[in-house]
Amino acid sequence: RAPAFVAPTPLAAPFPSSDTAMRKVGAPVAAPARPAAQPLGPYAADDLGLTMYGTAPDVEVSVREFEEFARDRLRVLHVFDRLCSYDSKLEGMAELKPKVTKDLVDSRLLLEYPSGLDAHTFESRKADYVRRDAVSHFALRLAFCKNRDARDWFLRQEQRLFVLRFDSLRPEAQEDFIRRSNLRCKKLDANSSSPDGAGKINWHEIQHSTPAAKIWRGEGRPDWDSTFYLMPFYEVDPKLIASRRVIVVGGNAYVPSIALKSILAKRFRDALASTLEVAFQGLPSALADPRIGGFIRDLQDYGLQLLVAKVSNAEEVGETLNMENFEELMVRSFPPCMRRLVEKQRETKKHLKHAGRLQLRPFLKDCGFTIEDSYKFWKQELCRDSTIDATSFEKNYAYDLDHAYGKKGHLQGQNSFGCPKIIGFPAESAGQCHGCPFKTLDVPALRQQMHKWKVPERSVLEMEKLVNHGKHFQLACIEYFKAIHPGHEGDGVGNSPGDFYRESCRHYTKKKEQAAGAQAGSSPATKKSGSMADPATPRAVATTAAGA
């Protein structure tokens, strides 16, 4: 193991120079500048555990560690998904590092170069990091290989994480990683010869003809990338050639170092995409394993959904829902997934199918409906359908209400569904209405629905962006909440319809309290000002004179 000292500096002369020896005693001597902590020499070219994940780790982990590692990595990937738009460029990943560092540290998925103080623990920290990183990656690879949407999301976030880590490497480490990646390229500089051997390359022309070689460091003229790589044009991402960000001469591409990571990132993504197909072939055996099968199924069902807010207290119902205030609260405080069910049943005069009733019934109960309110509401709404009368209601639908309130069946009642469960509902077929409208409706229908509910156009555009560029259905619902609750930041919303309702009730209750407080505070001031203005009151005259 390398000794834990800072990288050596050139040795000083064994004897002081004559200029130093002839200094006067007592003359102020400037303290030498203390060099900043530098990585140790043996670790200067260390890759910090960066890998293409070509082979699965041959390690033993407990079931608890397997689940912990996977959850931590999934949390980090969701941070990237939240901070990056759908079309965020990979070149800007370095600017994202301050925002994701805390989550990387908390998940223990960040490894930095050692300084002189912690160099003796670097090897053990790296071994733990590599183990955790590999296990978590291959665990999520199993969970996200099932369908196309899951694969695309996983590929996008893993590629962003890869680029961020590559940017964190020192230049010599990047060079070494490129060599080990079997990327056919040759580093060039101003003294390099042209590929045909006709002389030196025209460095000035190469730099100024490559738009991607410009480095902007502020106002003024840009600097130029001083390092280029020569590689066969078929190794280059076609998008770089199409956008004229590289020069192709005689079948060879001159790639600036800035654009090289885009090529490396594409190779990483292509390799990972091919291995996802291999993972899909081994998925049945993983699901059949009783130790991890259930956990992987949960990741498949809910891994793409983000817990966007803290879990609220379900006991604080807010305003209790009843038949008297139902119409007001439905418009004011119902989430879109529940409001749409009620309105759709009334518009079509057709009863909700099983999935729709299963979604709405426990929500109304959690908002405060008593079993009497539920009987009255469902009988009123279902009997709008000409095929249902009071007799058929009692025969076919009353048992479900008793079951939801724990009066029949297993006597435990029915709990309302959370957002991930509702988003995972099967697609609607003819005559059905259920699920999350941000997922179920296409963009024109969603826009029409939002305009019907008088949602501002600016918020509608933001919802469309969240749905189209990343399938952020819960974040789109938060945007809807902010649109109909001006001044609210959407905190506490996004995990379940019940959270939406309760937070809406808190918002309006707080507004009423503030309005009442402002009115009560202004009343004494009005009386006092009136008494001071009364010339018949001696105290008012004295106060006025003192003020003058």
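Aspartate 402 is buried, with a relative accessible area of 11%. In this predicted model, the side chain of aspartate 402 meets that of lysine 408 in a salt bridge, with an N to O distance of 3.6 Å. Lysine 408, by contrast, is partly exposed, at 37% relative accessible area. Elsewhere, salt bridges that share partners join Asp46, Asp47, Lys126, Asp176, Arg179 and Arg180 into one network. The count of salt bridges comes to 38. Side chains of opposite charge can pair when their charged atoms come close.

Two further salt bridges lie within helices. Aspartate 72 has its place in helix H2, which spans residues 63-83, and arginine 75 forms a salt bridge with aspartate 72, the closest N and O atoms being 3.0 Å apart. Because the two residues are three residues apart in helix H2, arginine 75 and aspartate 72 are separated by about one helical turn. Their exposure may be set side by side: aspartate 72 is buried at 11% relative accessibility, while arginine 75 is partly exposed at 44%. Aspartate 72 counts as buried because its relative accessible area of 11% is under 20%. Once neighbours within four places in sequence are left aside, aspartate 72 is in contact with Ser107 and Arg132.

The second of these pairs belongs to helix H9. Aspartate 270 forms a salt bridge with lysine 266, and their closest N and O atoms are 2.8 Å apart. The two residues are four residues apart in helix H9, so about one helical turn separates aspartate 270 from lysine 266. Aspartate 270 is partly exposed, with a relative accessible area of 41%, and lysine 266 also counts as partly exposed, at 30%.

Attention now turns to the sheet. Four strands form an open sheet in the order E1-E4-E6-E5, with antiparallel pairing. The edge strands are E1 (186-188) and E5 (247-249), each of which pairs on one side only. On average, neighbouring strands of this sheet are turned by 30° against each other, direction ignored. Helix H9, residues 257-288, packs on the sheet and touches E4 and strand E6 (252-256). The direction of helix H9 makes about 110° with that of E6. Strands of a sheet pair through backbone hydrogen bonds, either parallel or antiparallel. Here E1 and strand E4, residues 228-232, pair in the antiparallel sense over three bridges. Within this pairing, leucine 188 has phenylalanine 228 in E4 as its bridge partner.

At the other edge, valine 248 lies in strand E5. Valine 248 is partly exposed, with a relative accessible area of 37%. Together with Phe233 and Tyr234, Val248 forms a nonpolar patch on the surface, and the three have about 300 Å² of accessible area together. Val248 can belong to such a patch because its relative accessible area of 37% is over the 30% that a patch residue needs.

The loops contain backbone features of their own. Most residues other than glycine have a negative phi. Leucine 48 has a phi near 55°, a positive value in a residue other than glycine, and leucine 411 likewise has a positive phi, near 65°. Leucine 48 lies in the loop between helix H1 (18-21) and H2, whereas leucine 411 lies in the loop between helix H16 (398-404) and helix H17 (419-423). Is leucine 48 buried or exposed? At 7% relative accessibility, leucine 48 counts as buried. Leucine 411, on the other hand, is exposed, with a relative accessible area of 56%.

A further loop residue is cysteine 84, which is placed between H2 and helix H3 (93-106). Cysteine 84 is buried, with a relative accessible area of 8%. Apart from neighbours within four places in sequence, cysteine 84 is in contact with Met93, Leu96 and Arg160. Cysteine 84 and glutamine 157 are 73 residues apart in sequence, and their C-alpha atoms are 9.3 Å apart in space.

Notes. Residues are numbered from 1 along each chain as its sequence is written. This is a predicted model: local features need pLDDT of at least 70, side-chain atom pairs count only at pLDDT 80 or more; totals for chains, interfaces and linings use all residues. Side-chain values use heavy atoms; hydrogens and water are left out. Two strands pair if DSSP finds at least two bridges between them. Axes are lines fitted to C-alpha atoms, for helices over the stretch in contact, and angles run from 0 to 180 degrees between N-to-C directions. Contact means heavy atoms within 4.5 Å. Patches are made of residues with over 30% relative accessible area and no salt bridge: like charges are joined within 9 Å, nonpolar side chains (Val, Leu, Ile, Met, Phe, Trp, Tyr) within 5 Å. Accessible areas come from the Shrake-Rupley method with a 1.4 Å probe; for residues, only the protein chains shown count as cover. A salt bridge is a side-chain nitrogen of Lys or Arg within 4 Å of a carboxyl oxygen of Asp or Glu. Buried means under 20% relative accessible area, exposed over 50%, partly exposed in between (1.4 Å probe, protein chains only).
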